Amino acid sequence: MVYEIYSAKRNFFSGFSVTLYLIAVNVVAFFVFALLIGINQGLLDYIAIRPSNILQGKYLWTFFTSMFMHGGLFHIFANMFSLLFVGSLVEKILGGKRYLYFYLTSGLFAGLLFVLLSLLFVSDSQTYAVGASGALFGLVGLLVLLTPNLPVYIMFIPIPIKMKYAGPGILVSLWLISSIANIGIGNTAHLGGLIAGIAYGLYLKNKFPRKTKMIQKYFK
């Protein structure tokens with residue numbers, strides 16, 4: 001009887017994908033961080049990434065914590081909705097462990113490029129950046145390489161668009177929106193994530209040419 005209970009618990013938890021765990025962590029972190037910042041605004045420096053802080057060698061852990069903080073309910077909803085669909089597909093292709101490592105690496109690289117390019121885009125140096133978008137663009141960049149002809153739906157656009165056009169198109173669209181409407185969007189972080197995804201896609205195509213060709217044929 002004890003063995004049967006243990007086995008049932010193990011099967012229950014094994015039903016949760018890495019993507020669902022990531023969504024759960026993001027949602028919990030969103031409310032926890034919002035509560036902490038609501039109590040003390042000064043804690044923002046300890047959670048969100050800010051280039052001027054990083055370049056002074058301060059709050060280096062925010063490369064990680066900023067990936068799990070969001071700037072409002074719509075922000076986290078849009079990101080988690082996208083992660084549910086895009087992340088689930090990438091997880092099936094890569095497997096849970098490799099997918100998790102890639103997701104985190106993409107987010108970290110996105111933050112790094114955001115900091116480095118703040119030396120060029122000086123207005124970003126004092127700006128706080130938060131969200132899973134950098135990691136998400138890493139997933140999108142990977143799919144641009146591995147499933148270029150896969151038709152996907154983008155939020156608010158009722159027609160399917162091939163992934164090879166959708167990925168870069170989303171990046172350019174957000175950049176234009178932020179420039180025209182003067183909205184604070186981490187475009188350089190998004191670019192960093194996309195570059196990380198494309199780079200990893202190229203690596204996989206070179207190392208596993210037959211498998212990646214099979215993936216391209218299947219997801220089209």
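Analyst: A helix here is a DSSP run of H or I with at least four residues, and helices are numbered from the N terminus. The model is predicted.

User: Which helix gives the most to the nonpolar patch?

Analyst: Helix α6 does, with 5 residues. Both α2 (18-39) and α6 (73-94) supply at least two residues each. The members of the patch are F16, L20, Y21, F74, F77, F81, L84, F85, M155 and F156, and together they have about 1,100 Å² of accessible area.

User: What makes Y21 eligible for a patch, and why is it called partly exposed?

Analyst: Y21, which is found in helix α2, has a relative accessibility of 41%. A patch residue needs over 30%, and Tyr counts as nonpolar. Partly exposed is the class between 20% and 50%, so Y21 belongs there at 41%.

User: Why is R98 partly exposed, and where does it lie?

Analyst: The relative accessible area of R98 is 40%, between the 20% and 50% limits, so R98 is partly exposed. R98 lies in helix α7 (residues 96-117). Its C-alpha atom is separated by 15 Å from that of L20, with the two residues 78 apart along the chain.

User: Is K213 buried or exposed, and how do you know?

Analyst: K213 has 55% relative accessibility, and exposed means over 50%, so K213 counts as exposed. Helix α11 (residues 209-218) holds K213. On the surface, K213 gathers with K205, K217 and K220 in a patch of positive charge.

User: Why is the pair R50 and D45 called a salt bridge?

Analyst: The side chains of R50 and D45 meet at 3.7 Å, N to O. The cut-off is 4 Å between a side-chain nitrogen of Lys or Arg and a carboxyl oxygen of Asp or Glu, so the pair qualifies. Side chains of opposite charge can pair when their charged atoms come close. The structure holds 1 salt bridge.

User: What makes D45 buried?

Analyst: The relative accessible area of D45 is 17%, and buried means under 20%, so D45 is buried.

User: How do you know that S52 is buried, and what joins its side chain to that of Q126?

Analyst: S52 has a relative accessible area of 11%, under the 20% limit, and therefore counts as buried. S52 has its place in helix α4 (residues 51-55). A polar contact of 3.4 Å joins the side chains of S52 and Q126; the cut-off for N or O atoms is 3.5 Å, so 3.4 Å falls within it.

Terms used
Residues are numbered from 1 along each chain as its sequence is written. This is a predicted model: local features need pLDDT of at least 70, side-chain atom pairs count only at pLDDT 80 or more; totals for chains, interfaces and linings use all residues. Side-chain values use heavy atoms; hydrogens and water are left out. Patches are made of residues with over 30% relative accessible area and no salt bridge: like charges are joined within 9 Å, nonpolar side chains (Val, Leu, Ile, Met, Phe, Trp, Tyr) within 5 Å. Accessible areas come from the Shrake-Rupley method with a 1.4 Å probe; for residues, only the protein chains shown count as cover. Lys and Arg count as positive and Asp and Glu as negative; His and the chain ends are not counted. The place of a charge is taken as NZ of Lys, CZ of Arg, CG of Asp or CD of Glu. Buried means under 20% relative accessible area, exposed over 50%, partly exposed in between (1.4 Å probe, protein chains only). A polar contact is a pair of N or O atoms within 3.5 Å; within protein, one must be able to donate a hydrogen and the other to accept it, and residues adjacent in sequence count only if both atoms are side-chain atoms.
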